[in-house]
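Please read the following report alongside the sequence and the coordinates.

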Amino acid sequence: MKNILVIGGTGQIGSELIMKLRSIYGNSNVVCGYIPSAAPTGELLESGPAEIVDITKPTLIDAVVRKYDVDTIYNLAAILSAVAEMKPQLAWAIGVDGLFNTLEVARERGCAVFTPSSIGSFGKSTPHIKTPQDTIQRPDTMYGVTKVSGELLSDYYAKRFGVDTRSVRFPGLISYTTPPGGGTTDYAVDIYYSAVKGEKFKCPLKPGTFMDMMYMPDALRAAVEIMEADPTRLKHRNSFNIASMSFDPEIIYNKLKEHVPGFEMEYDLDPLRQQIADSWPDSLDDTCAREEWDWKPEYDLEAMTKDMLLNLRKKLLVTA
Ligand code: AKB
C-alpha cells in the first residue's frame, strides 16, 4: 500500500483508521474521502488530504483515485443495521451499488479493495455458537443482505478480474473517538458514556443477548494486517471471521460496576434491535484468520474497559 483512499473516512472506523494509516504510510499518502454532510474536522482534516467522495457517484471515486494515484481503497461507506431496516433502499444503494462502483474503479485502475463485512452477514439459520468461517449465510436484515452481497461481489471481482479484494467480518466495535450511528451493537459504546457521565444506562437489549464485540485498536490492526498479508497463504478472501470477546448486557454492566461502583442500568428494550441481535451469532470462530494471516486480538473485556474509561474520562473531562 502506497497511496490509500478511505471512503466513509469520517465515520466511527474511518476517522481512526485514517490516522493509523497516516502514521504507517505517511500523512500525504492517505486521502480522507467524505460526503459534504460529514466533512472532516480537526486532526483528520489538518493532517492530510481530504476529498469529497460520494460512493454512489463512480466518476467522483475515479477522479480521486487518478488524482492521488491510489493503489488501495478502504471502502467503509455503510448504513448500519438498525437504520438500514428503516431505509433499505439507501442501504442497498450505498452497500451494494456503491461497492460495485468502487470495484469497477479498482478493476480499471488496478487498486486493492478492503470492504468490511460483519457479524450481521449471518442469520437465524446460522450456527450461533462459534460460528464457522464457511457456513450458512441467510441474514434476516437488509444490512446483512448488503454484507453477504458485498462478500460475494468482492470474491467475484477477485476471481473474474484479479482485483485484490480482502476483508474481515467485524463484530460490534467499541471506541471513544467517533460514536457509531444506527447499529445494533451501539449499546456497548453508549454504556461507557453513561458510566463516565454518572448517568443511569437504559439498555435496549435483554439480558442473555450475546454478541461478538471488539475494541477499535484490534479492529484497525486487523484492517491493516489483512491488506498486508502474504497472498500465497490466503485460502479465503471475503470475508474472514475475527473475534476477541463475546458478552451480553449483564456481563459488560458488571464489568463496568467493578470500575464505577455506583453505576446503574435498567432495561428499556428496543424491539427492532432485539430482533436483529437475536438473529446474529453469539460468537464467531476465527481459526481461519489465525491460520492464514496470524490474526490475534490484544484486548479482552477488562483491558478494553480500563482503556475506554481512561480515555473517555479525558475526552469528557471527568475525573474518576
Ligand atoms: C451494527 O450493529 O450494525 C454494526 C455491525 C455489527 O456490523 N456495528
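The report turns to the ligand site, then to one helix, and finally to the nonpolar cores.

This is a predicted model, in which local features need pLDDT of at least 70 and side-chain atom pairs count only at pLDDT 80 or more, while totals for chains, interfaces and linings use all residues. Residues are numbered from 1 along each chain as its sequence is written, and side-chain values use heavy atoms, with hydrogens and water left out.

The residues around the ligand (a heavy atom within 4 Å) include Leu-80, Ile-119, Tyr-143, Gly-183 and Trp-280. The table gives polar contacts, that is, pairs of N or O atoms within 3.5 Å.

| Protein atom | Ligand atom | Distance |
|---|---|---|
| Ser-81, side-chain N or O | oxygen | 2.6 Å |
| Thr-184, polar backbone atom | oxygen | 2.7 Å |
| Thr-185, polar side-chain atom | nitrogen | 2.9 Å |

The protein covers 93% of the 250 Å² of accessible area that the ligand has on its own (Shrake-Rupley method, 1.4 Å probe).

In helix 3 (residues 58–67; a DSSP run of H or I with at least four residues), Ile-61, Asp-62, Val-64 and Val-65 are buried, meaning under 20% relative accessible area with a 1.4 Å probe and protein chains only. Because these residues span an arc of only 165° around the axis, taken from the directions to the C-beta atoms, they lie on the same side of helix 3. Thr-59, Arg-66 and Lys-67, on the other side, are exposed (over 50%).

The largest nonpolar core, a set of buried Ala, Val, Leu, Ile, Met, Phe, Trp, Tyr and Cys residues joined through side-chain atoms within 4.5 Å, has 61 residues. Helix 7 (residues 187–197) gives the most to this core, with eight residues.

Notes: Helix = DSSP H or I, 4+ residues; strand = E, 2+ residues; numbered from the N terminus. Polar contact = N/O pair within 3.5 Å; in protein donor to acceptor, adjacent residues only side chain to side chain.
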